[in-house]
Every structure is written in structure tokens, then in C-alpha cells.
Amino acid sequence: MATETPPPAKPQASLPSAEEFTEVQQSAEFGELRRAHRSFAFPLTIAFIAWYLLYVLLSNYAGGFMGTKVAGNINVALVLGLAQFLTTFLIAWWYARHAAAKLDPRAEAIKSRMEGGA
């Protein structure tokens, strides 16, 4: 008969105080991290929403154009609709690369300093 024992407890790191969080939030390093995120995420979000709205507006008001055959039964609407999926995946991939290269190292440095590792 096996007895279940809890895993060994990790030593609890002391949590930073509210003042420490505020101090880090107001630091130049944290400001740079926010700017790096916003300068990437906001323009891409606006561009994608505009691209999506263009697709919706074309579908509603340019039926003749959207119905134009490209090859066989494939029309412009299908091509642009599939391009929506493609751009979604491309943006996600691009953001993952951006985050790994520019955001994660900065965030990890801030986190380790807050946890007392640096």
C-alpha cells in the first residue's frame, strides 16, 4: 500500500510590497518594456482591424468584385477570407518572435530583481 506524500515544499520567497511594485512600475526600465510592447502591439492591432473591416465592407458593398472568379470556383472573397486566417497566424508568429527577443528578457530581469534574485 503506497502512501501519498506531498511534494517537498519550495522555500517561499517573500512577496514584494505595494511600494516596491509602484517603484518598479514607475521605473525607466519598466517604461521601456511597456513602450516596446505598445509600439508593436497597437499598430498591428489597428492594422489588422482595418484589414478585417475592409474585408467586411467589401463583402457587403462590393459583391461584384468579391464574386470575381480567380481560378475555377475560387473567387476573390474566398482568397481574402483565407488571407484573414493567414494574417492572424503571421501576426501571432511575429509577436512571439518579438516577445522572445525584446520583451521576455526585460520582463525576466525585472521579475528576478523583484524576487530578490539580482
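**Why the labels fit: questions on a predicted model**

Reader: Why is Gln84 called buried?
Author: Its relative accessibility is 8%. Buried means under 20% relative accessible area, exposed means over 50%, and partly exposed lies in between (1.4 Å probe, protein chains only). Gln84 falls under 20%, so it counts as buried.

Reader: What kind of model is this, and how are its residues numbered?
Author: It is a predicted model: local features need pLDDT of at least 70, side-chain atom pairs count only at pLDDT 80 or more, and totals for chains, interfaces and linings use all residues. Numbering runs from 1 along each chain as its sequence is written, and side-chain values use heavy atoms, without hydrogens or water.

Reader: Which residues is Gln84 in contact with, leaving aside neighbours within four places in sequence?
Author: Phe48, Trp51, Tyr52 and Tyr55. Contact means heavy atoms within 4.5 Å. Gln84 itself lies in helix H4.

Reader: What makes a run of residues a helix or a strand?
Author: Both are DSSP runs, numbered from the N terminus. A helix (H or I) needs at least four residues, a strand (E) at least two. Helix H4 covers residues 76–114. Strand E2 covers residues 74–75 and holds Ile74.

Reader: Why is Ile74 called partly exposed?
Author: Its relative accessible area is 38%. That is between 20% and 50%, so "partly exposed" applies. Ile74 also helps to make a nonpolar surface patch, with Val70, Leu78, Val79, Leu82, Phe85 and Phe89.

Reader: What makes a patch?
Author: Its residues have over 30% relative accessible area and no salt bridge. Like charges are joined within 9 Å, and nonpolar side chains (Val, Leu, Ile, Met, Phe, Trp, Tyr) within 5 Å. At 38%, Ile74 is over the 30% limit, so it passes on area. The patch measures about 690 Å². Its largest share, five residues, comes from helix H4.

Reader: Why is Trp94 called partly exposed?
Author: Trp94 has a relative accessible area of 46%. That is under the 50% that exposed residues exceed, and not under 20%, so it is partly exposed. Trp94 is found in helix H4. Beyond its neighbours within four places in sequence, it is in contact with Phe40 and Leu44.

Reader: How do you know that Arg113 and Glu29 meet in a salt bridge?
Author: A salt bridge is a side-chain nitrogen of Lys or Arg within 4 Å of a carboxyl oxygen of Asp or Glu. Here the N to O distance is 2.0 Å, so the pair qualifies. Arg113 is in helix H4 and Glu29 in helix H2 (residues 28–61), 84 residues apart. A search of the whole structure finds one salt bridge.

Reader: What is the accessibility class of Arg113 and of Glu29?
Author: Arg113 is partly exposed at 42%. Glu29 is partly exposed too, at 29%.

Reader: What makes a space a pocket?
Author: On a 1 Å grid over the protein atoms alone, a pocket is an open set of points where a 1.4 Å probe fits, with protein on both sides within 12 Å along at least five of seven lines. Lining residues have an atom within 4 Å of a point. The largest pocket holds about 210 Å³ of space. Of its 13 lining residues, the closest to its centre are Pro16, Phe21, Lys111, Met114 and Glu115. The largest share of the lining, four residues, comes from helix H1.

Conventions:
Accessible areas come from the Shrake-Rupley method with a 1.4 Å probe; for residues, only the protein chains shown count as cover. Grid points are joined across faces, edges and corners, and a volume is the space filled by probe spheres set on the points.
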